Amino acid sequence: MAETNNEQITKEDIKELNPSFNVKSFFQDNIVTILFVFICILGVQLSKLPLFFIANELLVRITRNSFLVLALIIPVLAGMGLNFSIVIGAMAAQISIIIVTHWGVTGVPGFLLCAFLSFPLAVLFGNLIGRLLNKTKGQEMITSMIASFFANGLYQLLFLFLVGKIIPVNNPILILSKGVGVRNTIDLSRNGGIKYALDNILKVPIFNVFMGVGIIIIIYGVCKLYLGNRYGFKRISRVKQISILILGLIVFITGYIFTFSEDLPNNLRMLTNLKLPVVTSLTVIVLCLFNFIIVKTKLGQDFRTVGQDKHIASVSGINVDRTRIIAVTISTVLAAWGQLIFLQNIGTLNTYGSHVQIATFAIAAILIGGASVSKATIGQALLGVVLFHTLFIVSPKAAKELFGDAQIGEFFRNFVAYGVIGVSLGLHAWKKTLKRTKK
Amino acid sequence: MTESIKEFTSKFGLPRLIITGFFILICIISVFVGLPFDSMLSDIIRRFGMYGILVLAMVPAIQSGIGPNFALPLGILCGLLGGMISMELGFVDAMGFWSAIIISLPFAIITGWLYGLMLNKIKGSEMLVATYMGFSAVAFMCIMWILLPFKHPEMVWPIGRGLRVTVSLDSTYAQILNKFWAFEIGGVNIPTGLLLFFLGSCLVVWLFTRSKIGIAMKAAGDNPKFAVASGINVDRCRIIGTTLSTILGALGIIVYAQSFGFFQLYMAPQFMAFGAVAAILIGGASAKRAKISHVILGVFLFQGMLTVALPVANELIKEGSLSEVLRFIVQNGIILYALTQVGGGE
Amino acid sequence: MQEEYTLQMENIEKEYFGNRVLKGVNISVKPGEIHALLGENGAGKSTLMNILFGMPVIHSTGGFGGEVSICGEKINIQSPKEAMEKGIGMVHQEFMLIPGFTLTENIKLNRERLKGNIISRLFKKDSHKFLDYKEMNRDSRRSLDMLGIGIEEWVTVAGLPVGYMQFIEIAREIDKSNIKILVFDEPTAVLAESEANNLLKAMKKLAKTGIAILFITHRLDEVMYAADNVTILRDGELVATRKKEDTNVLELAELMVGRKVEVSNKAEEESRKHKEVMLSIKGLKVNMPGEEVKGIDLDIRNGEIIGIGGLAGQGKIGIANGLMGLYETTGEIILRGEKLKLNDTKESLTKGLAFVSEDRRGVGLLLESSIEHNVTITALQIKGKFLNRYGIFNQIDSKKIREHSLKMIEDLDIRCTDPQQLTKRLSGGNQQKVCIARALTLQPDVLLVSEPTRGIDIGAKKLVLDLLVQLNKELGMTIIMTSSELAELRSICDRIAIITEGRVEGILRPGDSDRDFGLMMAGEYHKIHGKEAI
C-alpha cells in the first residue's frame with residue numbers, strides 16, 4: 001500500500017488548494033461504510049461470540065475472499081461498473097477443478113494445474129462477455145448479471161447431462177451412480193486433493209507476521225523520509241511519512257507484545273494462536289500490486305480514459321471496444337483464480353452452487369467498503385471484505401440472541417447483501433440523473 | 001391493418017422464431033414418444049391462465065417507460081401478504097379469494113407508488129436497481145414471515161417460529177377459479193374461471209390503455225420528451241404504470257397460488273420476475289414496447305414449451321431436471337437478447 | 001511557389017446524397033498566417049473541415065472532389081489519425097477534455113510518454129510500459145508555458161474555469177511535435193470577452209512560431225483583430241477572399257449574408273402594424289443548455305408572422321421552448337393581456353399556444369405510433385377531445401380520431417398510405433406536416449414553429465412554408481417562426497428579430513439590407529450603430 005504515497009501527495013495538495021475537504025462531506029461520502037462499521041460493532045456485541053472465534057474466522061475469510069473482490073476493480077476503472085459476470089470466471093475455475101480431479105492430480109501441482117487450465121477458459125469466457133457488453137453499453141451491469149444466469153444454465157447443462165451422456169467420463173468419484181452428470185459435491189480433500197494446497201504451504205503465527213511487516217514499513221518509511229528530504233517534498237508529505245513510521249512502529253510493537261509478553265489476559269492470549277496462511281496472503285498482495293501497477297501502465301491509462309469518457313477516448317485514437325474487452329477478460333481470469341483460492345480453502349466443491357452467489361457477495365463487500373459503480377480502490381475492497389464478513393460471521397448468532405432464531409440472521413445477511421447493492425446502485429443512478437438535470 | 005401485420009412479422013425476430021420452432025419441434029417429438037396429448041394440453045391451458053396475470057403485470061411497466069418490471073417480487077409479496085392475512089382472518093372459499101385480493105390491494109398501491117417515486121429518481125438504471133430491490137424485498141420479507149404474529153395452525157410451523165415455507169390452500173380456496181365452470185372436451189380440461197379471470201384482466205388493462213390517462217402513460221413511455229411537450233406529467237405516468245404493475249403482480253400471485261394449491265413463501269418469489277419478463281419478450285415485446293397480444297402469445301409459447309419440454313426431456317434423459325435447466329437457458333437467453341437490442345449503439 | 005503554403009485546398013467539391021454542399025472552394029494558408037473562415041451555419045465550414053480531417057462521414061458518403069496539399073505535398077487523408085500524423089491539429093468547439101484527469105494526462109491523452117519495465121521488455125508491448133510522468137509533466141509544462149498558462153500541470157481539469165479549458169486543448173495540439181496547421185473551431189463561442197482576448201493573443205503568439213492557423217468564427221471584430229486573411233463561404237460557395245487590410249466589418253457582414261431573397265410583401269405589413277399586441281414577452285430568461293436566453297423583451301402582434309433568427313447557439317431556439325415551459329424560465333409572458341404561468345407546459349397549451357419543435361424526431365413525434373395517434377394525442381390530453389365519457393371512465397373515440405386525421409391528411413396534403421401508418425416511415429417533410437397538424441388540432445391562437453424546414457428536401461420546404469403563410473392569411477393565425485435560415489425568414493415573415501448572445505440584437509424588416517442582417521447576426525450592429533436598435 002505504501003506505494004500509493006506519491007499519488008496521494010498530489011491529491012492532498014489539491015484538497016488543500018480547494019478547501020472542499022471537511023468532516024461533513026467525509027461523512028456524506030462514506031455513509032455506507034460508517035453505517036456498516038456500527039452495524040458490525042453492534043453485531044459483535046450482540047452475538048457474544050468469543051473474540052478469538054471471530055478473529056480466526058475473519059482471518060480465514062479475508063484470505064479466502066479478498067482475491068475475488070479485488071477482481072472487480074479493473075472493470076470499474078474501465079467504466080463498466082461492477083462486474084456481475086465474475087461468476088463466469090468462477091465457472092472456468094470449477095470446470096478446471098473437475099478436470100484436474102478427474103485426472104487425479106493433487107496437492108500444489110494439482111492447484112497449479114487448475115490455475116493453468118482455467119486461464120485459457122477464463123480468457124475465452126471473458127472475451128465473449130466483453131463482446132456482449134460492448135453491445136449493451138450503458139447497461140453493462142444488468143447484462144453481466146443476466147449473462148451469468150444464462151451461463152449458469154449452460155454450465156448445468158454441461159455437467160448435469162452432457163458429461164456422461166455425450167462426453168464419456170467414467171469416474172465414480174465424480175459421476176453420479178447413474179453414469180450421467182457430475183455429483184453435487186466433490187470432496188477436494190480426498191487423497192490429499194487440492195484442499196489447503198495453497199494455505200498449508202506455510203503458516204506463520206500472525207503476530208510474527210505483524211513484527212515482520214512492521215519492520216518493513218519502518219524501513220520503507222525511513223528510506224522515504226531520507227529520499228523525500230533530498231527531493232524537497234512539501235511539509236504535508238513529511239507529516240505523511242512520519243505517520244507511516246509511527247504506523248510501522250505500532251504494528252511492530254503490537255506484534256512484539258503479543259508474541260513475547262507473558263501476562264496477557266486470557267482472551268487476548270488466545271489470539272496468539274492465530275496463524276496466517278502466508279502464501280495465500282502473498283497471492284492476494286501480489287494481486288493488489290498488480291491492480292496498483294496496471295494503473296501506472298499505458299494499458300491502465302487507457303482503462304481510465306475509456307472509463308471516464310468513451311467518446312473522447314475514441315476520438316483520441318484509443319480502441320474503446322478492445323480496451324473494454326481486455327478489462328473484462330482480466331477480471332474474469334482473476335475471478336477464476338480467486339475462485340480456486342476460495343475452493344482450496346473450503347475443501348469441497350459444490351458443483352452447482354459454489355459459484356452462484358460469489359458475485360453478489362463480492363459486490364456487496366466492495367460496496368460496503370465504500371466503492372461505487374464508478375470508483376473502486378484496493379483499500380475499499382479490503383475494508384469491505386473485513387466488514388462484510390464480520391457481518392456474515394456474527395449475524396446468525398446475533399439474531400439468535402436477539403430474536404431467538406438463527407435463521408433470521410441468515411435472511412438478514414441476504415437482505416444486507418441485496419439491499420446494499422440495490423441501494424448503492426440506486427444512489428449512483430440518482431446522482432447521475434441529478435447531474436443530468438442540472439446540466 | 002395490413003401495416004400492423006407487416007409490423008408484426010418484421011418484429012417477430014429471430015429468437016421468437018427459434019422458440020416457436022422449438023415448441024413445434026418438441027410437440028412433434030412428444031407425439032412420437034407417445035405422450036398423452038390431452039393431459040398435456042390441459043396442462044398448457046392451466047399454466048397459461050396461472051402465469052398469465054404475472055406476465056400481464058409487465059405491460060403497464062413497459063408502456064410507462066420503466067422497462068420490464070424486474071421488481072415484480074414487490075407486487076408478489078403484497079399478494080402473499082394479502083393471502084396470509086385473509087387466511088389468518090379465517091376467510092374461506094370465494095370469500096377467502098376475494099378478501100385476499102382486496103386486502104393485498106392497499107399494500108400493492110402503497111408499495112407501487114413508493115417504488116414509482118423511487119424509480120423516477122433513477123431514470124435509465126431501472127432494470128438493475130429493480131432486480132436488487134426485488135431481491136432485497138424478498139429477503140426482508142423472509143425475516144417478516146418469521147416475525148409477523150400469524151397464528152393460524154395451517155400457516156405456521158407446528159414447532160418453532162414463523163410461517164411455513166409452503167402454505168396449503170386445500171381447506172380454503174385452492175382451485176377455486178380453475179373449477180369455476182370447468183368442463184372437459186375430449187379429455188382436455190378447460191378451467192373456464194381461470195381463463196375468464198385472466199382474459200378479463202387483460203381486457204381491463206386494454207381498456208385502461210385506451211383511456212386518456214392510459215394514452216398519456218404510453219406516450220410518456222414511448223417518448224418522454226414528446227410527452228412533456230404535450231403537457232403530460234411524465235413522472236406521474238411512470239408512477240401510475242409502476243403501481244398498476246405492482247397491483248397486477250399481487251393479483252397474479254393469488255391467482256397463481258389458487259391454481260397451484262399453495263402459497264410459496266420465503267425465497268420462492270425471488271426469481272419469478274425473470275420468467276414473466278422472458279414470457280412477454282418471447283411474445284414479441286421489447287424493453288420499450290409491449291401489448292396485450294404479446295402477453296397472450298408469450299405466456300402461451302413460454303409455458304407451452306416448458307410444459308411439453310418437461311415430459312419430453314424426461315423421456316430423453318431420465319436423470320435430473322433437464323427442463324428446469326432448459327427454462328433457465330431460454331429465459332435468461334431471451335432477456336439477454338432483449339438487452340442487446342436496447343443498449344446497442346449508444 | 002507551391003511550398004510557400006502550409007495548406008492548400010483546391011477546388012473542393014462535396015455532395016451529400018445529391019445535395020451539393022461545397023461547390024469548388026479554394027483556400028490556402030501560409031506558415032505563420034492566421035486565416036479566418038467566415039460563414040453562416042450551413043455555409044459549408046464544417047464540411048470543409050471534415051474533409052481536411054478525413055472524417056469517416058466524408059468517406060462513407062462517397063468522398064469529395066478536389067485536392068488537398070500540405071507543404072506542397074498532395075495528400076489524401078483517409079482518417080482523423082492520418083490527419084494528425086500529417087500535422088493537422090484541431091481545437092474542438094466542445095471540449096475534448098476528461099474532467100477527472102490532470103492537465104498533463106489530458107494534454108498527453110493517448111500520446112503518453114512511456115518507459116519500459118521488465119514485463120514490457122518480456123512481451124515487447126507498449127501497452128505494458130509504465131507512464132513516464134516526469135517526462136510527460138515536462139512536455140506539458142513546455143506547452144503551457146508557451147501559452148502563458150500558470151496553472152500547475154498536475155491539477156485536475158475539473159473545476160477549472162472554462163477559459164482555461166480551451167488553452168489546455170491548444171496545449172495538447174501544440175505538444176504534438178509535428179504540428180503544422182491548427183484549426184480553431186469557433187473557439188471564442190463559450191468564452192467571456194477577456195478570456196477571448198487572451199485566446200486571440202495566444203493565437204497570434206502561436207502563429208509567430210510558424211504554425212499556420214485556420215480560424216473559424218462568426219465574430220467579425222475578432223476577425224479584424226486577429227486574422228491576416230479572410231475567406232467567406234456562403235451556401236457552399238467561395239464568396240470572397242480578402243486581406244484584412246483591404247476590408248472592413250461592414251463588407252464582411254454583407255458578404256456573409258447576401259443572397260437573392262424573395263422578400264415578403266410589405267403592403268400588408270403596414271396594415272398590420274396597428275393591430276393589438278397578442279403576446280408580450282418581458283425579461284424572458286430561459287435556461288436551455290446550448291441555447292440560453294438571457295433576457296428578451298418582445299411584443300408579438302395579432303395576426304403577424306414574426307421571425308426569430310440568429311446563429312446557432314445564440315439562444316433563438318430557447319425562446320419558443322421557454323414560452324412552452326419546456327426549460328426553466330423566468331421573466332414575464334403576457335398573452336392577450338393575461339399573465340401566463342411559467343414553466344408549465346400544460347398551461348401554455350391550454351391558453352392557446354401550440355409548438356412545433358425544432359427536434360422533430362426527438363420531441364415532435366411518437367415515431368412508433370400512427371399518424372392519427374400523433375395528430376390527436378395532444379388535443380386529447382389538453383382539451384379532452386376525441387373521448388367518449390362513461391361516468392368517471394373514458395375511452396378514446398376512434399371514429400372521431402379517424403375523421404379528424406383524414407381531414408388533416410387531406411388539408412395539409414400529408415403523403416401516406418393511411419392514417420394508421422407509423423410516423424417513422426414518413427419522409428421528413430410529411431413528418432413535419434404531422435407535427436403541424438398536431439399543433440393545429442389544438443386550434444391555437446399562437447403557433448410556435450421552430451426550424452420547420454430543417455432536414456427536409458427543397459420541394460417539401462416550400463410546401464411547409466406555403467402552408468404557414470396560408471394558415472396566417474386564411475385563419476389569421478399568429479405565427480412565431482424560429483429558423484437558422486435567414487432566407488426563409490425573409491421570404492415569409494413580417495418582422496424578423498435577430499438574437500445574439502441570448503438577447504434581441506434588433507428587429508428588421510425582410511427588405512432591410514444584407515449588411516444590417518449580417519451585422520446583427522455577428523452581434524456587431526450595436527457597436528457600429530450606437531446604442532439601442534429599432
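Over all chains, the structure holds 37 salt bridges. The model is a predicted one, and the pairs and values reported below were computed from its atoms.

Within chain B, a salt bridge joins B:Asp235 and B:Lys123, with 2.7 Å between the closest N and O atoms. B:Asp235 belongs to helix 12 (residues 234-260) of chain B, whereas B:Lys123 is placed in the loop between helix 6 and helix 7 (126-147) of chain B; the pair therefore ties together parts that are 112 residues apart in sequence. Both partners fall in the intermediate class of accessibility: B:Asp235 is partly exposed because its relative accessibility is 31%, and B:Lys123 is partly exposed because its relative accessible area is 27%.

Chain C provides further examples. C:Arg402 forms a salt bridge with C:Glu372, the closest N and O atoms of the pair being 2.8 Å apart. This pair links distant parts of the chain, since C:Arg402 lies in helix 16 (residues 398-411) of chain C and C:Glu372 in helix 15 (residues 371-383) of chain C, at a separation of 30 residues. The two side chains are not equally accessible: C:Arg402, at 30% relative accessibility, is partly exposed, while C:Glu372 has a relative accessible area of 10% and is therefore buried, the limit for that class being under 20%.

A salt bridge is also found between the side chains of C:Lys339 and C:Glu332, with an N to O distance of 3.0 Å. Here C:Lys339 is classed as exposed because its relative accessibility is 57%, and the class begins over 50%. C:Glu332, at 25% relative accessibility, counts as partly exposed. In addition to these pairs, chain C contains a network of salt bridges that links C:Lys108, C:Arg111, C:Arg113, C:Glu135, C:Arg138, C:Asp139, C:Arg142 and C:Asp175.

The interface between chain B and chain C presents another picture with respect to charge pairing. The count of salt bridges between chain B and chain C is zero, although nine residue pairs, both members at pLDDT 80 or more, are in polar contact across this interface. On the side of chain B that touches chain C, the elements giving two or more residues are helix 1 (2-12), helix 10 (212-222) and helix 11 (224-229) of chain B. Helix 10 of chain B supplies the largest share of this side, namely five residues. Classified by residue type, the side of chain B that touches chain C comprises eight nonpolar, four polar and eight charged residues. In terms of contacts, 20 residues of chain B meet 31 residues of chain C. The area buried between the two chains, B and C, is about 2,200 Å², and carbon and sulfur atoms give 55% of this area.

Backbone geometry was also examined. Most residues other than glycine have a negative phi. Against this background, B:Asp93 has a positive phi, near 50°, in a residue that is not glycine. B:Asp93 is part of helix 6 (residues 93-121) of chain B, and its relative accessibility of 46% places B:Asp93 in the partly exposed class. In chain C, C:Asn343 likewise has a positive phi, of about 55°, without being a glycine. C:Asn343 is located in the loop between strand 17 (338-339) and helix 13 (345-350) of chain C. With a relative accessibility of 40%, C:Asn343 counts as partly exposed.

Terms used:
Residues numbered from 1 in each chain as written. Chains lettered and ligands numbered in written order. Predicted model: local features only at pLDDT ≥ 70, side-chain atom pairs only at ≥ 80, totals over all residues. Heavy atoms only, no water. Helix = DSSP H or I, 4+ residues; strand = E, 2+ residues; numbered from the N terminus. Buried < 20%, exposed > 50% of the residue type's maximum accessible area, 1.4 Å probe, protein only. Contact = heavy atoms within 4.5 Å. Buried area = accessible area lost by both parts, 1.4 Å probe. Salt bridge = Lys/Arg side-chain N within 4 Å of Asp/Glu carboxyl O. Polar contact = N/O pair within 3.5 Å; in protein donor to acceptor, adjacent residues only side chain to side chain. Nonpolar A, V, L, I, M, F, W, Y, C, P; charged D, E, K, R; others polar.
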